[in-house]
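The following note sets out points to consider while reading the sequence beside the model. Each point may be checked against the display.

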Amino acid sequence: MLQDMYRLNQPKPDIRFNRNGIIYIIDQAAQRMNIGPLSRVSFYVDQEQNLFIRPDTDGLRPIISRGKKTLRIYSKQVTDAVLSLPDLPQGLEQASFRIGTSDDGINYPVITRRLL
């Protein structure tokens, strides 16, 4: 019976990639991953083109957006790579996703595919 059901309301995304190079991570997702303005993060893609985010001492440093509860990261290289993933339609100016739970406590999957 659950296979025949689908969600009518869309969940709020945890991370947003903009074509101009700005990446936003909402506060709840950042807390789940134990990252803050003093930590650093990196983005990884595996052989199946799955996207992951993880805390990394050599990664990008986020800053807190003033007046908002989001972390902001700037990386044009990362946003161009993410927006060219095969799961996404070409020509998008921005894309928003959910961040999944980590199996190993380090790598957090960014859910770029629709779950059917």
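1. Glutamine 49 sits in the loop that joins S3 and strand S4 (51-55). The model is a predicted one. In it, the phi angle of glutamine 49 is near 65°, a positive value in a residue other than glycine. With a relative accessibility of 33%, glutamine 49 counts as partly exposed, because that class lies between the limits of 20% for buried and 50% for exposed.

2. A second residue with a positive phi is asparagine 34, whose angle is near 60° although the residue is not glycine. Asparagine 34 belongs to the loop between H1 and strand S3 (41-45). Is asparagine 34 buried or exposed? Its relative accessible area is 65%, so asparagine 34 is exposed, the cut-off for that class being over 50%.

3. Glutamine 49 also provides a reference point for threonine 112. The two residues are 63 places apart along the chain, and their C-alpha atoms are separated by 9.7 Å. Threonine 112 is located in the segment that follows strand S8 (108-111). It has 11% relative accessibility and therefore counts as buried, since buried means under 20%.

4. Which residues does threonine 112 contact, once neighbours within four places in sequence are set aside? They are Leu51, Leu85, Asp87, Leu88 and Phe97. With aspartate 87 there is also a polar contact, made between the two side chains at 3.0 Å.

5. Serine 102 should be read together with the loop between S7 and S8, where it is found. Although serine 102 is a loop residue, it counts as buried, at 19% relative accessibility. The student should note the limit used here: buried means under 20%.

6. The side chain of serine 102 takes part in two listed interactions. One is a polar contact with the side chain of aspartate 104, at 2.9 Å. In the other, the serine 102 side chain reaches the backbone nitrogen of glycine 105 at 2.7 Å. Beyond four places in sequence, serine 102 is in contact with Asn107, Tyr108 and Pro109.

7. Glutamine 90 lies in the loop that links helix H2 (76-83) to strand S7 (94-99). It has a relative accessible area of 60% and is therefore exposed. Apart from neighbours within four places in sequence, glutamine 90 is in contact with Ser84 and Leu85. Leu85 also appears among the contacts of threonine 112. Between glutamine 90 and alanine 30 the C-alpha distance is 28 Å, with 60 residues separating the two in sequence.

8. Threonine 79 is part of helix H2. Its relative accessible area is 0%, so threonine 79 is buried. What does threonine 79 touch, residues up to four places away in sequence not being counted? The residues are Phe17, Asn18, Arg19, Gly21, Ile22 and Ile23. Phe17 and Asn18 fall within strand S1 (15-18), while Ile22 and Ile23 fall within strand S2 (22-26).

9. The second largest pocket holds about 240 Å³ of space. It is lined by 13 residues, and those closest to its centre are Lys12, Pro13, Arg16, Ile26 and Thr70. Strand S1, strand S2 and helix H1 (27-32) each contribute at least two residues to the lining. Sorted by class, the lining comprises 4 nonpolar, 3 polar and 6 charged residues.

10. The remaining points concern the chain as a whole. How many helices and strands does the protein chain have? There are 2 helices and 8 strands, and along the sequence they follow the pattern β-β-α-β-β-β-β-α-β-β. Among contacts between residues at least 6 apart in sequence, 54% join residues at least 24 apart.

11. As to overall dimensions, the C-alpha atoms fill a box of roughly 45 × 30 × 30 Å along the principal axes. The radius of gyration of the protein chain is 14 Å, which agrees with the value near 13 Å expected of a compact globule with 116 residues. Of these 116 residues, 36% count as buried. Threonine 79, at 0% relative accessible area, is one of the buried residues.

Definitions and conventions:
Residues are numbered from 1 along each chain as its sequence is written. This is a predicted model: local features need pLDDT of at least 70, side-chain atom pairs count only at pLDDT 80 or more; totals for chains, interfaces and linings use all residues. Side-chain values use heavy atoms; hydrogens and water are left out. On a 1 Å grid over the protein atoms alone, a cavity is a set of points where a 1.4 Å probe fits but cannot get out, and a pocket is an open set with protein on both sides within 12 Å along at least five of seven lines; lining residues have an atom within 4 Å of a point. Grid points are joined across faces, edges and corners, and a volume is the space filled by probe spheres set on the points. Helices (H or I, at least four residues) and strands (E, at least two) are DSSP runs, numbered from the N terminus. Ala, Val, Leu, Ile, Met, Phe, Trp, Tyr, Cys and Pro count as nonpolar, Asp, Glu, Lys and Arg as charged, and the others, Gly among them, as polar. Buried means under 20% relative accessible area, exposed over 50%, partly exposed in between (1.4 Å probe, protein chains only). Contact means heavy atoms within 4.5 Å. A polar contact is a pair of N or O atoms within 3.5 Å; within protein, one must be able to donate a hydrogen and the other to accept it, and residues adjacent in sequence count only if both atoms are side-chain atoms. The radius of gyration is taken over C-alpha atoms; the globule rule is 2.2 Å times the number of residues to the power 0.38.
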